[in-house]
Amino acid sequence: MKILLMGNPNVGKSVVFSRLTGVNVMASNYPGTTVGYTKGSLKIGKNTLEIIDVPGTYSLTPSCRAEEVARDMFLNENPDLIINVIDATNLERNLYLTLQILEQGIPTIIVMNMWDVAKRRGIHINIEKLEDALKTVVIPSVAVTGEGIIQVVDSITHFLDNKNKFKPSFKKMQDNERWAFIGTILTNLQKIEHRHPSILERLEDASVNPISGFLIAIFVIFVTLQVVVGLGELLIDYILDPIYFDYYGPFITNVVGSIFPDGFINEILIGTGYEYTESFGLLTTGVYVIFAVVLPFILTFYFMLGLLEDFGYLPRLAVLIDSIMHKLGLHGYSIIPVILGFGCNVPAVLSTRILEGKREKFIAAAIIALSVPCMAQTAVIIGLLGRYGIQYIAIVYGTLFLLFVSLGFILNKLLKGESPEIFLEIPPYRIPHFKTLLKKTWIRVKGFLIEAIPFVSVGILLINILYIIGFMDALTNFLAPIISTLLGLPKDAVGALLLGFLRKDIATAMLAPLNLTANQLVVASTVLAVSFPCIATFVVLLKELGVKDLLKIVSLMIILAITVGTILNIVLGVLS
Amino acid sequence: MQKLTDVKPGKKVIIKQISGGFGIKNRFESLNIREGKEIQVVASGPFRGPLVLNIDGCKVAVGRGMAAKISVEDVDENSSNG
């Protein structure tokens, strides 16, 4: 038994899905959060039902990859039942897709979400009349609080008893017939009282106005940076560092020391001791980098990102910078993948699916992979360079920004075609639901830990083994000329730069024991940020773009990493 | 009739005609932007930035080139919202 959850973008399908299946999926207040699909199951009595959260679509004629996924699933998955989620505050537009679905003759349950918002806005809808008109059940709901979900489950149970229960009988209609049909039912059953715009609604318009919008954007970005970096540092200084140095470090050294007093295993697990964050023991540096260097910033970043997402700010930022992004071969909405990239490049590359064209997707993916450092790497850069002063961090990010702009500009000129225009629904501002926000932050932090722990462990293990068997020395000597003449780095930096392919955070942390000067650290961090994507990003790039485009991006990376590093090395050398 | 791109922010207008092929009409239509519909221009981005339209309380950002394909007329008192 297969159930598809369908509806317009940003109506709350994913929230309904989480409520029904208990599977946690990411939901945000902007169109396109779900670009792939998630499967979950619901057990009713003896029946196990498969429920699929389909990406949002406005119609069954797709205009981007995510909408294509939706249409193909609808046509090819042979669903037994459709749960069509619609937005009560925007009935007219939502019913267009509903009619297209009903015309296909598949049993359909309609969940009318955002019922509370509609009531607040003075929208009255006669549910019974709507059910008569659509010849199926309509359930008002408030998915974030769970209101209406029991009725949805009840309706599914009724359907299990009688498979013909919600089977619609609509003939195929032309577009104008659909709109006429919708127009007639709405005049009969929807009443809208006039209300004065609320403060939130006025703030919505101020955010897209060129002048006030610009000021608001600066304010939002400033506050976000302050919270992410400031709060992250507070967490490190007052909580994580004390725990590691005062309790965890001595404890783990004693435990391991009592089991393996010395030798190979002790070497790998503890390294040169917990007091040195560059000891490269699996249980010392490995744990320290993940939990006390990177995790705090991941936490604060995803909390702020979630807050901005759920509030509905990001699409407005997209509108404001649209004309600038066009110069880079993209349109404003690509700011969303870019911002996600500052957290982790993997979801960022996946989310380029919300962009329409192949050309745009390629430019966005290339720009992200080359010039947007993930939060894990940023955290280590802050840790390493922060002690020399903020200007060094600024040089790294300034260079990456210049690369971002020039790369987009050049790719836009080189690649044939034009960037499509922005065409996007801007969600209303909503006060974030705090529990949902915390849960979402947790899903993302957990995702980070699940990915980071094995990769960092393997990375440290691998590097230790490669050094022990002498492979690293051979490779180092081989690559040393490039590294030292062009980039001005000691040959030991080869190991760190190569490890960047596995994970950027641990690779950047490996620069710590090399006693580099601040300038050398700047060059090495920048080269690491530009060069090879980490293996996880590599895999999604391959999946999303195919071998050919991936090879293009990788060649760009190698060339640009060496070029940018060399130029930085020369410029910094001249300046000092 | 005037182009939607020439309408001042804050003004309500009625869509009279959408020129262009099936594809573009379809995209507009799926967001409820269609001939006969009353809409309001909320904001107009600087440097040829996009327009933000209000369609029954739902805001949609539309690139300038696409918006230029829409011809509109000022709302007149007798016409209904359709």
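**Exercise 1.** Which residue is the bridge partner of A:Ile3 in β4(A)?

*Solution.* The model used in these exercises is a predicted one. Begin with the two strands concerned: strand β1 (residues 2-7) of chain A and strand β4 (residues 81-87) of chain A run parallel and are joined by five bridges. Then look along β4(A) for the residue that is bridged to A:Ile3, and you arrive at A:Leu81.

**Exercise 2.** Place these two strands in their sheet, find which strands stand at the edges, and say which helices lie against the sheet.

*Solution.* First write down the order of the six strands, which is β2-β3-β1-β4-β5-β7 (chain A), in an open sheet with mixed pairing. Next look at the ends of that order: β2 (38-44) and β7 (138-140) of chain A each have a single partner strand, so one side of each is left without a neighbour in the sheet. Neighbouring strands are turned against each other by 25 degrees on average, when direction is ignored. Finally add the helices, beginning with helix α5 (residues 127-134) of chain A, which packs on the sheet by touching β5 (108-113) and β7 of chain A, and whose direction makes about 150 degrees with that of β7(A). Helix α6 (residues 149-161) of chain A lies across β2, β3 (47-53), β4, β5 and β7 of chain A, and it runs at about 75 degrees to β2(A).

**Exercise 3.** Decide whether A:Glu309 is buried or exposed, and list what it touches.

*Solution.* Locate the residue first: A:Glu309 lies in helix α11 (residues 282-311) of chain A. Then count its surroundings, remembering that a residue is called buried if 20 or more other C-beta atoms lie within 10 Å of its own. A:Glu309 has 25 other C-beta atoms within 10 Å, and therefore it is buried. If residues up to four places away in sequence are not counted, A:Glu309 touches A:Ser28, A:Asn29, A:Tyr30 and A:Leu314.

**Exercise 4.** Describe how chain B meets chain A, going from the whole contact down to one pair of residues.

*Solution.* Start with the totals, since the contact takes 27 residues from chain B and 25 residues from chain A. On the side of chain B, these residues divide into twelve nonpolar, nine polar and six charged. Now ask which element gives the most to this side, and the answer is β5(B), with five residues. Strand β9 (residues 423-426) of chain A pairs with β5(B) in the antiparallel sense over four bridges, and within this pairing A:Leu424 has B:Ala61 as its bridge partner.

Technical notes. Residues numbered from 1 in each chain as written. Chains lettered and ligands numbered in written order. Predicted model: local features only at pLDDT ≥ 70, side-chain atom pairs only at ≥ 80, totals over all residues. Buried ≥ 20, exposed ≤ 12 C-beta atoms within 10 Å, placed from the backbone. Contact = placed C-beta atoms within 7 Å. Pairing = 2+ DSSP bridges. Axes fitted to C-alpha atoms, helices over the stretch in contact; angles between N-to-C directions. Nonpolar A, V, L, I, M, F, W, Y, C, P; charged D, E, K, R; others polar.
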